[in-house]
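This report walks through one protein chain for someone who has not met it before. Please look over the sequence and the model first, and then read on.

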Amino acid sequence: MKQKWLSMLLVLVLLLTAATSMASAGTEATISGAISESGVTVQVENLTVAARLVIAQYHYGQLVDVVTENVSCDGSYAITAQKLVKGDEFKLFLMDQQSSAPLCKAVLPVQTEDLLITESTTVDNGSYRNVTIAESVGDGDVTFNNVTIYGDLLVEGGGSNTVSMSGCHVHGRVNINKTSGEPPRLHLTNTDLPKVEANQPAIIEAADSNSSVGELTASSDVTIQGAATKVETVTVSNTNTTPTVTVAEGAKIETVAVSPNANANVTVEAGASVIAVEAKGETTIHAAGTVSSVTATASVNVSSGAVERV
């Protein structure tokens, strides 16, 4: 147990130091590898000093195992993983045995497959490259529990009751593009989404404070609802329509940015708040809730309510 703890600590040190300069001796060394059914095969080349090979295994972004092996020459080294499942990621480090300075590093690509969902379902504990919720799902329900998506999630189906994500990670973007039926409701629990694109009407809601959306691009009507829901930026892109961004009671948005040559309606309901509206395109604001400030280089019409600062 103590040895395992020390190995974990070693990886943390390597992650911090590997981002800086590599050691002067042996910097020509390189490592590469491939994931097999039983573990990892590592190829070491151009090694000129005695070194220690460190292999860190991650699952859902969490460090789960560390294996070290002393190496003194070029060659191929097979390392058996303690438990290997689809979606695991491996980080490789080569460090000088004498000085412990990092010589080189590599990250092995995650072995994943695309997933196509064609009917209402629940997906548990999986890792995928890209996931598509097909139009055939209609207004049905799709639930993801502890799922990692290394690419994009395309939502072409799913109803307002709901596309639910609990304990999930999406490294790419969520693209909402359902063209008929109910607007899908993206319901988040313990899930952060860095980028969401609403190309068709959509509803965004978070169940807890551990969930949020970084950037939401609205090319169509979008509703942000729920007392725990936080969105950093809503950007209304250049479009031939005039999307309505509705911030429902309890929801909070840092910034609503209307792009040049775009038009937008921003509705802030009672109990909701928007910190800033940046209007570079024509914007109409309905503010029963709080809009703290407006910065405008285009026409802005406050049709109801009040803005604290312009």
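A salt bridge is a side-chain nitrogen of Lys or Arg within 4 Å of a carboxyl oxygen of Asp or Glu, and a search of the whole structure finds six of them. The structure is a predicted model, in which local features need pLDDT of at least 70 and side-chain atom pairs count only at pLDDT 80 or more, while totals for chains, interfaces and linings use all residues. Residues are numbered from 1 along each chain as its sequence is written, and side-chain values use heavy atoms, with hydrogens and water left out.

**The chain as a whole**

The protein chain holds one helix and 29 strands; helices (H or I, at least four residues) and strands (E, at least two) are DSSP runs, numbered from the N terminus. Of its 310 residues, 45% are buried, where buried means under 20% relative accessible area, exposed over 50%, and partly exposed in between (1.4 Å probe, protein chains only). The mean pLDDT, which is the predictor's confidence in each residue from 0 to 100, is 84 for the chain, and 84% of the residues reach 70 or more. Over residues 1-7 the pLDDT is below 50, and this stretch has three contacts in the model beyond near neighbours in sequence, contact meaning heavy atoms within 4.5 Å. Residues 13-26 also have pLDDT below 50, with 24 contacts beyond near neighbours in sequence.

**Three of the salt bridges**

The table lists some of these pairs with their N to O distances.

| Pair | N to O distance |
|---|---|
| Arg 129 and Asp 114 | 3.2 Å |
| Lys 178 and Asp 139 | 2.5 Å |
| Glu 205 and Arg 185 | 2.7 Å |

Glu 205 lies in strand 19 and Arg 185 in strand 17, so their salt bridge ties together parts that are 20 residues apart in sequence, and both residues are buried. Elsewhere, salt bridges that share partners join Asp 152, Arg 173 and Glu 197 into one network. In the pair of Lys 178 and Asp 139, Lys 178 counts as buried at 6% relative accessibility, whereas Asp 139 is partly exposed at 38%. Arg 129 and Asp 114 are each partly exposed, with Arg 129 at 39% relative accessible area and Asp 114 at 44%.

**Around strand 17**

Strand 17 (residues 185-189) is mostly covered, since four of its five residues are buried. Two strands pair if DSSP finds at least two bridges between them, and strand 17 pairs in the parallel sense over four bridges with strand 14 (residues 163-166). In that pairing, Val 163 has Leu 186 of strand 17 as its bridge partner. Strand 17 also pairs in the parallel sense with strand 19 (residues 202-206), over four bridges, and there His 187 stands opposite Glu 205.

**A buried threonine**

Where in the chain does Thr 229 have its place? Thr 229 is in the loop between strand 21 (222-225) and strand 22 (230-236), and at 2% relative accessibility it counts as buried. A polar atom of the Thr 229 side chain lies 2.8 Å from the backbone nitrogen of Ala 206. Leaving aside neighbours within four places in sequence, Thr 229 is in contact with Ile 204, Glu 205, Ala 206, Ile 224, Ala 251 and Lys 252.

Technical notes
A polar contact is a pair of N or O atoms within 3.5 Å; within protein, one must be able to donate a hydrogen and the other to accept it, and residues adjacent in sequence count only if both atoms are side-chain atoms.
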